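Please look over the sequence and the three-dimensional model shown below before reading on. The paragraphs that follow move from one region to another, taking up helices, a core and several loops in turn.

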Amino acid sequence: MAKVEKITEEDISEYTEILELPSGFIPYDFNSIYIRPFTVGEILALQDKQLSLDFLISLTSQAVKDIDLYNLSLSDFKVLVLNIGYLSVKDSGWTVKSTCTNTDCLSEISKHVTVFDLDFEDLNIPSLPLTVDVPDLKPYKFDVFRVKHQIILEKLTKDLIYDRISNNYYNKSNKLIYIQSLLVLSIITNIDDVDATYNKLYSLDLTKDQVNILDKIQTKLVHYIKPVEIKCEHCNTITEKNIILEIESLFPYDESEDSIEKLFNYG
Ligand SMILES: [Zn+2]
């Protein structure tokens with residue numbers, strides 16, 4: 001893994017204070033974060049197509065004051081990176097493409113979005129951790145899904161095949177290894193042995209009503225981006241498009257070419 005040299009920044013006035021994050025700062029003992037723009041070197045490093053989460057964290061930590069990024073909720077971390085990106089390159093953002101859902105139209109539609117167009121599911125809980133009054137679930141304290149949990153998830157599943165339809169992980173011989181929702185729940189508990197927790201949750205003897213509890217826990221603790229609405233230029237139909245913020249696409253700026261061209265003088 002590449003290492004990043006620490007850039008020392010003495011003057012806090014060069015930092016911008018971030019007061020809004022998807023989690024509402026509920027999981028933390030602080031309520032704002034100071035960020036500075038990425039340097040040119042950092043921006044170039046971020047364009048690596050093979051960008052790993054560890055390297056992104058290492059780069060981002062240089063531009064953030066006194067915060068353990070591994071402890072941020074994954075959604076907060078992504079929004080923080082997008083905010084730093086916006087400070088660094090004003091045209092940052094990307095074009096979301098889809099097809100008009102009006103079956104008489106079916107035009108190609110698109111919309112340019114920046115971090116400020118993203119709307120996250122709120123973390124709708126007053127405090128953490130979450131415990132559940134069901135005997136078999138009582139020992140578990142559930143935490144919000146944080147960056148450190150994503151690292152564990154990636155390590156456990158790196159040699160597995162993820163099926164986006166069933167949300168299951170399989171090995172190369174097509175054997176079901178993890179159900180994603182159960183794996184995520186196992187990772188965010190206070191118990192370190194993820195596989196043991198997974199097996200316990202998998203073997204729980206719950207009533208049908210209680211099975212929904214597991215879903216509900218996940219909904220409360222893993223917060224997602226709401227779909228972006230794209231209006232069709234031809235028929236005005238609004239189509240919803242889900243956005244998945246993959247690590248590799250956190251720092252795109254697909255429309256910067258034109259604005260850079262404006263800065264050049266010839267002859
Ligand atoms: Zn249309």
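Against which helices do the buried residues of H4 pack? They pack against H2, H3 and H5, and with that starting point the wider setting can be laid out. The model is a predicted one, and the secondary structure of its protein chain comes to 8 helices and 9 strands. Of the 267 residues in the chain, 24% are buried. Among the contacts that link residues at least 6 apart in sequence, 64% join residues at least 24 apart.

Helix H4 spans residues 147–157, and its buried residues are Val147, His149, Gln150 and Leu153. Around the helix axis these residues cover an arc of only 150 degrees, which puts them on the same side of H4. One of them, His149, is also among the contacts of Ile188, which, once its neighbours within four places in sequence are left aside, touches Phe142, Asp143, Phe145, His149 and Leu221.

Ile188 leads on to the largest nonpolar core, which has 37 residues and in which Leu80, Val184 and Ile188 touch the most other members. At least two residues of this core come from each of strand S2 (33–35), helix H2 (53–62), helix H3 (74–88), H4, H5, H6 and helix H7 (208–221). The element that gives the most is H3, with 7 residues. The core also draws on both domains, taking at least three residues from domain 1 (2–121 + 237–253) and at least three from domain 2 (135–221).

Two of the elements that supply this core, H5 and H7, can be considered as a packed pair. Two packed helices are described by the angle between their axes and by the distance between those axes. For H5 and H7 the angle is about 65 degrees, and the axes are 10 Å apart, while the crossing of the two helices is left-handed. On the H5 side the contact is made by Ser181, Val184 and Leu185, and on the H7 side by Leu214, Ile217 and Gln218. Val184 thus appears in this contact as well as among the core residues that touch the most other members.

Helix H6 (residues 194–202) can be read in a similar way, beginning with its buried residues, which are Thr197, Tyr198 and Leu201. Seen down the axis of H6, they fall within an arc of 100 degrees, so they line one face of the helix. On the other side of H6, Asp195, Ala196, Asn199 and Tyr202 are exposed. What covers the buried residues of H6 includes strand S7 (176–179) and helix H5 (180–187).

The loops deserve separate attention, and the one between strand S4 (108–113) and H4 is a place to begin, since Asp136 lies in it. Asp136 counts as partly exposed because it has 14 C-beta neighbours inside 10 Å. Although Asp136 and Leu206 are 70 residues apart along the chain, their C-alpha atoms are separated by 8.6 Å. Pro129 also has its place in the loop between S4 and H4, and a cis peptide bond, with omega of about -5 degrees, joins Leu128 to Pro129.

Which backbone angle calls for notice at Phe25? Its phi is positive, at about 65 degrees, although Phe25 is not a glycine. Phe25 is placed in the loop between strand S1 (16–18) and S2, where it counts as partly exposed because it has 18 C-beta neighbours inside 10 Å. Asn174, likewise not a glycine, has a positive phi of about 70 degrees and lies in the loop between strand S6 (168–170) and S7. Asn174 counts as exposed because it has 8 C-beta neighbours inside 10 Å.

A last loop, between strand S3 (94–99) and S4, holds Thr101, which counts as partly exposed because it has 16 C-beta neighbours inside 10 Å. Leaving out residues up to four places away in sequence, Thr101 touches Thr237 and Thr239. Thr101 and Cys232 are 131 residues apart in sequence, and from C-alpha to C-alpha they are 9.1 Å apart in space.

Methods
Residues numbered from 1 in each chain as written. Predicted model: local features only at pLDDT ≥ 70, side-chain atom pairs only at ≥ 80, totals over all residues. Buried ≥ 20, exposed ≤ 12 C-beta atoms within 10 Å, placed from the backbone. Helix = DSSP H or I, 4+ residues; strand = E, 2+ residues; numbered from the N terminus. Arc of directions from axis to C-beta. Contact = placed C-beta atoms within 7 Å. Core = buried A, V, L, I, M, F, W, Y, C linked by C-beta atoms within 7 Å. Domains from an automatic or database assignment. Axes fitted to C-alpha atoms, helices over the stretch in contact; angles between N-to-C directions. Left-handed = near helix turned anticlockwise from the far one by under 90°.
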